[in-house]
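The following report concerns a surface patch and the strand pairing of one protein model.

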Amino acid sequence: MKESSNAFGVTTSSVARLVLHYVNASSVAPTAPYTNWSSAANTIQAAVDAAQAGAVVLVTNGLYATGERQDDSGLMTRVIVDKPITVLSVNGYKVTTIEGRWDTATNGPNAIRCVRLENGAVLAGFTIQNGATRSTGGSSWSTAGGGVFTSVYTNATVANCLLTNNAARSYGGGAYGVRLKNCLILGNYANDGGSGVACGELVNCTVAYNWVNSFVPGGLMRGGGVAGNVGYLGTAPCRIRNSIVWQNFRGYGEMDNYTTGTEFAFSASVGPSDAAPPGIGNQLAERTFLDADFHISSASIYHAAGSALYASGEDMDGEPWANPPSMGADEVIEANLTGPLTLTIDAWQTNTIAEPIRHELSFGAVVTGRVSRIDWNYGDGGIDPNRGYWGIHGWTNPGTYTVTATAYNQDNPDGVVASVMVLVEPINPPVLQSSLLNANGYNFSFMAQPGMNYYVQYATNLAAPISWQPLQTIYYPPFGPSGLVSITDPAWTNNTARFYRVLAQ
């Protein structure tokens with residue numbers, strides 16, 4: 001018997017002959033046991049059913065959105081792998097997708113989970129998307145793990161996969177209970193906790209933009225990014241190694257990356273009080289990614305910050321991990337960052353106020369090609385070398401400024417440049433005008449600036465100390481260079497003196 005490691009870092013044992021079963025969504029003549037491409041199964045489940053322990057199910061490019069069956073929890077699931085086999089894509093997650101189904105608004109009786117893995121099963125090289133769970137009914141397991149689920153703690157492995165837009169009524173929107181290696185877990189949802197991953201093990205993964213909804217007893221939410229010791233595996237922790245858990249949220253937008261029951265080592269996140277997570281080799285996460293696929297530069301704090309004790313196989317781009325490896329799902333090999341680059345800037349707003357603390361603007365560098373570094377110049381002396389694809393800046397002085405992003409790689413050492421113009425205006429004090437009394441109350445107006453907040457207050461006398469009371473708050477009025485804001489005080493009468501002021505911020 002011989003051990004070998006494939007491109008996805010999954011160690012398999014082989015004897016004289018490895019049995020392969022083939023899957024092609026476009027197969028026109030599927031014939032069991034699907035042992036060549038001409039007779040390939042057109043659903044992954046059919047090939048899994050035909051496979052024996054130790055076999056490999058090889059899946060070619062395509063969208064796999066049929067073949068579901070009900071598992072023992074009562075939930076329909078697109079692919080159930082309940083034996084020690086490997087399900088492997090030919091060309092990786094960017095071109096091979098397993099898709100579940102939401103029930104209207106995420107979870108419900110007609111939802112379909114993407115994948116269930118048991119008994120040492122391995123899944124490698126897929127996008128796992130749009131899975132969901134039941135909202136009630138069935139066993140408790142039917143509400144956990146919208147993307148991937150296992151009922152026994154980390155007895156199954158997901159490698160080199162993207163888990164996105166999955167939902168769970170309870171725990172583990174992206175995954176519940178599984179071991180994940182070299183994966184991206186992005187944009188998943190759970191109602192109770194562990195929206196990215198609950199009760200699992202992560203090695204060289206990036207977990208971002210996941211969201212947990214509800215409160216649990218005691219008024220705390222349970223991990224928009226990762227959570228351990230929740231749900232149906234009792235006190236099973238969530239172990240995070242060489243990974244990044246960043247920009248995950250709860251409720252109405254509060255950051256919530258992890259909670260109790262998580263164990264970090266050589267990883268990065270933002271915890272309570274904006275601190276790095278406790279544990280050996282951990283760092284405070286920051287925004288230094290080069291693109292929305294979470295590639296990093298050699299100047300990133302994540303580069304060479306992991307531990308070789310945990311890294312294995314290859315990163316999400318099929319590149320070997322260095323020694324020491326990087327944190328997250330991307331390794332940096334500068335020599336491979338070649339080819340043409342194109343660059344544009346997404347600017348959500350190009351006018352602001354000369355007050356840098358509260359009136360920063362955000363910019364996104366959109367790059368096509370393999371980029372090694374992105375520098376920002378904001379035109380007022382402010383620069384962000386190796387900032388990443390997200391530029392943020394505020395200006396102190398009024399004026400017109402050119403914001404420039406420059407992207408580099410091995411074939412573009414002088415960089416590719418994109419720019420956008422920004423107008424920075426002074427704060428104009430609001431002047432009350434157009435006073436009018438009618439049946440609705442006392443009306444007045446003032447000219448507003450875009451990007452400003454206005455706090456309208458009133459007092460009933462001007463004797464010291466003046467007691468100003470809130471009347472109306474206006475956040476970022478959507479006007480052009482100037483616009484008229486109308487205010488009505490319905491409590492004003494001829495028998496009551498009222499004085500008004502407007503604070504601009």
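Together, Leu462, Ile466 and Phe499 expose about 240 Å² of accessible area as a nonpolar surface patch. Such patches consist of residues with over 30% relative accessible area and no salt bridge, with like charges joined within 9 Å and nonpolar side chains (Val, Leu, Ile, Met, Phe, Trp, Tyr) within 5 Å; a salt bridge is a side-chain nitrogen of Lys or Arg within 4 Å of a carboxyl oxygen of Asp or Glu. Areas follow the Shrake-Rupley method with a 1.4 Å probe, and for residues only the protein chains shown count as cover.

The model is predicted: local features need pLDDT of at least 70 and side-chain atom pairs pLDDT 80 or more, while totals for chains, interfaces and linings use all residues. Residues are numbered from 1 along each chain as its sequence is written, and side-chain values use heavy atoms, without hydrogens and water.

Phe499 belongs to strand β46 (residues 499-504); strands are DSSP runs of E with at least two residues, numbered from the N terminus. Its relative accessibility is 32%, so Phe499 counts as partly exposed (between under 20% for buried and over 50% for exposed).

Strands pair if DSSP finds at least two bridges between them.

| Strand pair | Sense | Bridges | Opposed residues |
|---|---|---|---|
| β36 (373-377), β39 (399-409) | antiparallel | 5 | Asn377, Thr404 |
| β36, β37 (383-384) | antiparallel | 2 | Trp376, Asp384 |
| β24 (211-212), β28 (249-250) | parallel | 2 | Val212, Arg250 |

In the hairpin of β36 and β37, 5 residues lie between the strands, and Gly379 has a positive phi near 85 degrees.

An open sheet of 5 strands with mixed pairing runs in the order β16-β20-β24-β28-β29. Because β16 (167-168) and β29 (254-255) each have a single partner strand, one side of each edge strand lacks a neighbour in the sheet.

Note on methods
Helix = DSSP H or I, 4+ residues; strand = E, 2+ residues; numbered from the N terminus. Buried < 20%, exposed > 50% of the residue type's maximum accessible area, 1.4 Å probe, protein only.
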